Amino acid sequence: MARGPGFDRDEARLLVALRAGDEAAFAQLVDGYGPTLMRLALSHVPSRAVAEEVVQETWLAVLDGLDRFEGRSSLRTWIASILLNQARTRGERERRTLPISFLRRRYDEGRAEPAGDRDRFQGRRGERPGWWAVPPDRWEEPDERLSRDDARAVVLGAIRRLPARQRDVITMRDLSGWSAEEACNALGVSETNQRVLLHRARSKVRAALEDHLKEQPQS
Amino acid sequence: MSTRAGETITCREFVELVTDYLEGRLPESECERFEDHLALCPGCQAYVEQMRATLRALGRIPEESISPAAREELLHAFRTWKATR
């Protein structure tokens with residue numbers, strides 16, 4: 001059977017064990033891919049409890065579909081795509097009973113907002129049009145400051161406000177360290193589209209951190 | 001965003017190319033102009049540093065996991081699945 005490039009040996013071994021009914025292999029998968037699945041689920045449904053159910057339903061669907069899995073994509077992107085389907089369906093259902101602010105997110109989805117803030121650049125009559133009007137500051141000791149709980153909360157808040165697909169991409173790519181190819185496969189989007197989503201997502205998280213660090217001078 | 005050949009890119013264009021650059025997906029000619037701009041613009045140098053620091057911060061976000069009870073339920077479901085195969 002032809003394997004996609006994302007399919008590594010470890011996954012091949014796990015797949016064989018799983019099909020043979022090896023519980024330890026299943027536990028290894030649940031623990032290994034669990035964090036990414038949980039984050040992806042959380043970005044579509046309103047509560048941890050529902051996200052957990054979505055993750056559980058995903059694993060049951062994985063077991064059901066195991067014999068049909070052909071290894072065209074890596075096992076984890078296949079599992080992630082199942083989760084995203086479940087989470088979207090579930091998210092739609094939950095959202096019907098939610099306040100309007102939650103609904104608004106869906107309309108954001110396709111908006112082509114510029115990643116950079118327009119007022120930050122000089123206008124056509126400026127000395128150098130298109131160059132910084134308000135250049136960004138250098139962050140002093142960024143890793144130390146961004147490791148604090150307050151900064152972490154800002155990052156999570158910014159991610160939560162992203163349109164769903166941007167959230168999915170940044171979760172897979174930057175939180176879980178997946179490759180661009182894996183993110184494309186799981187989401188069913190082109191490489192270019194993936195990069196556009198990633199760019200918007202990263203730009204908004206950076207902007208949120210910039211605002212936060214401005215308000216929180218170094219201590 | 002594409003830029004016209006031979007022209008210096010502006011900061012506004014620069015920030016839209018940052019992800020393509022960091023992902024190694026800028027065509028060679030654009031990559032050169034990107035780096036030329038970077039070399040002479042302190043604002044964009046700070047911007048790229050901020051973006052890199054943001055990516056490191058994203059990579060440090062702690063993992064989420066399902067509860068031990070939910071995990072147990074799953075292992076139980078696996079045994080049931082195995083028994084019916």
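How many helices and strands are there in chain B? Chain B has 4 helices and 0 strands, where helices (H or I, at least four residues) and strands (E, at least two) are DSSP runs numbered from the N terminus.

This is a predicted model, in which local features need pLDDT of at least 70, side-chain atom pairs count only at pLDDT 80 or more, and totals for chains, interfaces and linings use all residues. Residues are numbered from 1 along each chain as its sequence is written, while chains are lettered from A and ligands numbered from 1 in the order in which they are written.

The radius of gyration of chain B, taken over C-alpha atoms, is 23 Å, well over the 12 Å that the globule rule (2.2 Å times the number of residues to the power 0.38) gives for 85 residues, so chain B is more spread out than a compact globule. Its C-alpha trace spans about 70 × 25 × 15 Å along the principal axes.

The table sets out the two chains. A residue is buried if 20 or more other C-beta atoms lie within 10 Å of its own, with C-beta atoms placed from the backbone.

| Chain | Helices and strands | Buried residues |
|---|---|---|
| Chain A | 10 helices, 0 strands | 39% of 219 residues |
| Chain B | 4 helices, 0 strands | 32% of 85 residues |

For chain A the mean pLDDT (the predictor's confidence in each residue, from 0 to 100) is 86, and 84% of the residues reach 70 or more. Residues 1–7 of chain A have pLDDT below 50, and so do residues 100–112 of chain A. Where pLDDT is low, the predicted coordinates should not be read in detail.

Two residues are in contact if their C-beta atoms, placed from the backbone, lie within 7 Å. By this criterion 48 residues of chain A are in contact with 42 residues of chain B. The largest share of the chain A side, 9 residues, comes from α2(A). That side divides into 28 nonpolar, 8 polar and 12 charged residues; Ala, Val, Leu, Ile, Met, Phe, Trp, Tyr, Cys and Pro count as nonpolar, Asp, Glu, Lys and Arg as charged, and the others, Gly among them, as polar.

A nonpolar core is a set of buried Ala, Val, Leu, Ile, Met, Phe, Trp, Tyr and Cys residues joined through C-beta atoms within 7 Å. The largest has 52 residues, and those with the most contacts inside it are Ala41(A), Val55(A), Leu83(A) and Val155(A). The largest share of this core, 9 residues, comes from α2(A). Apart from it lies another core, of 14 residues, including Phe121(A), Val15(B), Val18(B) and Cys44(B).

Conventions. A residue is buried if 20 or more other C-beta atoms lie within 10 Å of its own, exposed if 12 or fewer, and partly exposed in between; C-beta atoms are placed from the backbone.
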